[in-house]
Amino acid sequence: MVSCYRSGPIERDPASAFHAKNQLDGFLRKNGFTIIGDTFEILKSCGRPQTTYGPEMKKLRNQGRFSEYSKKELLLAHSLNAVRKTDFVVSRPAPEASGGTTSETVVMWLRTIPKLVIIGPHSEGLLDNNSTFMIKMLSDNPSLIFNTERQAIDFISDHIEVFKRGRSAIHNLIVKLRKLNPYINDRPKPCYSKLFDGRTVIIQGQPGAGKDTQGRMLQDLCGFKFFGSGYELRRLSSRFPVLAESLGKGNLAPEVIIKFLFTQSLIKLEKFEPIVFSGTPKKLGEAQALMDMLELLSREPLMIVIDISEELAKERILLRRVCDDCEISFCDEKLINHPICPECGGSLKIRAENTTQEAIDKIFNWYKTDVEEVIRYFENLGLVVHIDGNRGKEEIFNDILEILKR
Ligand SMILES: [Zn+2]
């Protein structure tokens, strides 16, 4: 029987598994693989569900009672046993979790087991220093890096006969592929320029202007860190249902949360790392807080406003479908009846805040009242460039690159 040890936020923290559709388990079971290493299940079977185990262990660690902590570290022993029996590992490092979590530590110890590492559609797994360290460790081993769960599934599908032969066959396959292509685990940044080092870019514009699209292109193609308040908030929402409900009605997030998210993301940045803020700040108070933070870090932001007509904005919102997996949004009539992501094959959905006319109107109103005030604030500081957004995404992106290289 061929078994797979599945590690990552799916098992550890459902809230951080925002992207994870976990199609993987279904796929593996359908093909006759056994899944081991589900720590939620292990804890339940020991009569110590995550809800009691987690807080208990945290308390011991915070109080420095490490010998007691080690004695109660059920997961480490169980994971170690499980991983020893496995034929291959699928690991998904979470950007916001510490990379040194139990299962991932275990994975590092057992270097000869073949591994598939899913770093998220936009390399989110690489955002955190711990995760970066872990990915480096993993990529030294017989492992392959994938952007999305779907790519990992496709890879197993394409080599299903090899996977069914077990550990050494999978090991040999990966070693062979890595020999054929030594750069297979590199993430290409084809538009990277030294001029982007340490840059702070804010992209603003009406709903439907393509802010996230451009921000994600800066992330994927130029090595920018991406901060989208929508993305960050959706990740938080699973922990705060009240927040999720309010956002779904087209309300803005509480300022205190946005300020916290700004601080959290900026404080971790290295001096040379460029960052792009997409569609945020949205309120004057947030803008001032962001400027205070940037001043402390000696960073001067540049706001790029993508101008589009209100008619086009409204038209795009009605057509907009967002991919569940890679978060890229599309405005294409053809995709309405065939809601499959052209980029990654994920399923396309309408955003909650775009489903009712009332919520859409609210978002447009916020733009006229609050966001335009934010843009004026940056304009008064001489930090704004406007570009014409009534064009295709490639043309807009080229403009942005030109502006950043000036
Ligand atoms: Zn997609």
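Analyst: An angle between two elements is taken between their N-to-C directions and runs from 0 to 180 degrees. The model discussed here is predicted.

User: What makes helix H9 roughly antiparallel to S4?

Analyst: Helix H9, residues 149-158, runs at about 155 degrees to S4. Angles over 145 degrees count as roughly antiparallel, so the value for H9 and S4 belongs to that class. The helix lies across S3, S4 and S5.

User: In what order do the five strands of that sheet stand, and which are its edge strands?

Analyst: The order is S2-S1-S3-S4-S5, in an open sheet with parallel pairing. Strand S2 (34-36) and strand S5 (143-146) are the edge strands, since each pairs on one side only. From one strand to the next, the twist averages 25 degrees.

User: How do you know that S3 and S4 count as paired?

Analyst: Pairing requires at least two bridges. Strand S3 (residues 88-91) and strand S4 (residues 115-118) have three bridges in the parallel sense, so the requirement is met. Val 90, for example, has Leu 116 in S4 as its bridge partner.

User: Which strands does helix H2 touch?

Analyst: Helix H2 (residues 23-30) packs on the sheet and touches strand S1 (3-6), S2 and S3. Its direction makes about 135 degrees with that of S2.

User: Why is helix H12 called oblique to helix H19?

Analyst: Helix H12 (residues 211-222) and helix H19 (residues 393-405) pack at an angle of about 60 degrees. The limits are under 35 degrees for roughly parallel, over 145 for roughly antiparallel and 65 to 115 for roughly perpendicular. An angle of about 60 degrees falls in none of these ranges, so H12 is oblique to H19. The axes are 10 Å apart. Thr 213, Gln 214 and Met 217 of H12 meet Lys 393, Ile 396, Phe 397 and Ile 400 of H19. The crossing of H12 past H19 is right-handed.

User: What makes S11 and S12 edge strands?

Analyst: They belong to an open sheet of three strands in the order S11-S10-S12, with antiparallel pairing. Strand S11 (329-331) and strand S12 (348-349) each have a single partner strand, so one side of each lacks a neighbour in the sheet. Strand S10 (residues 320-323) joins S12 in the antiparallel sense over two bridges. As pairing needs at least two, S10 and S12 therefore qualify. In one of these bridges, Val 322 is partnered by Lys 349 of S12.

User: Which way do the residues of strand S8 point, and are they buried or exposed?

Analyst: In strand S8 (residues 275-278), Ile 275 and Phe 277 point one way, whereas Val 276 and Ser 278 point the other way. In a regular strand, side chains alternate between the two faces of the sheet. All four of these S8 residues are buried. Strand S6 (residues 200-205) pairs with S8 in the parallel sense over four bridges, and Ile 203 stands opposite Ser 278. Strand S7 (residues 225-228) likewise has four parallel bridges to S8, with Lys 225 partnered by Ile 275.

User: Which residues have the most contacts inside the largest nonpolar core?

Analyst: They are Ile 203, Phe 224, Val 276, Ile 304 and Ile 306, in a core of 34 residues. Helix H18 (residues 357-380) supplies the largest share, six residues. Another core lies apart from it, with 24 residues, among them Leu 24 and Val 117.

Notes:
Residues numbered from 1 in each chain as written. Predicted model: local features only at pLDDT ≥ 70, side-chain atom pairs only at ≥ 80, totals over all residues. Contact = placed C-beta atoms within 7 Å. Core = buried A, V, L, I, M, F, W, Y, C linked by C-beta atoms within 7 Å. Buried ≥ 20, exposed ≤ 12 C-beta atoms within 10 Å, placed from the backbone. Left-handed = near helix turned anticlockwise from the far one by under 90°.
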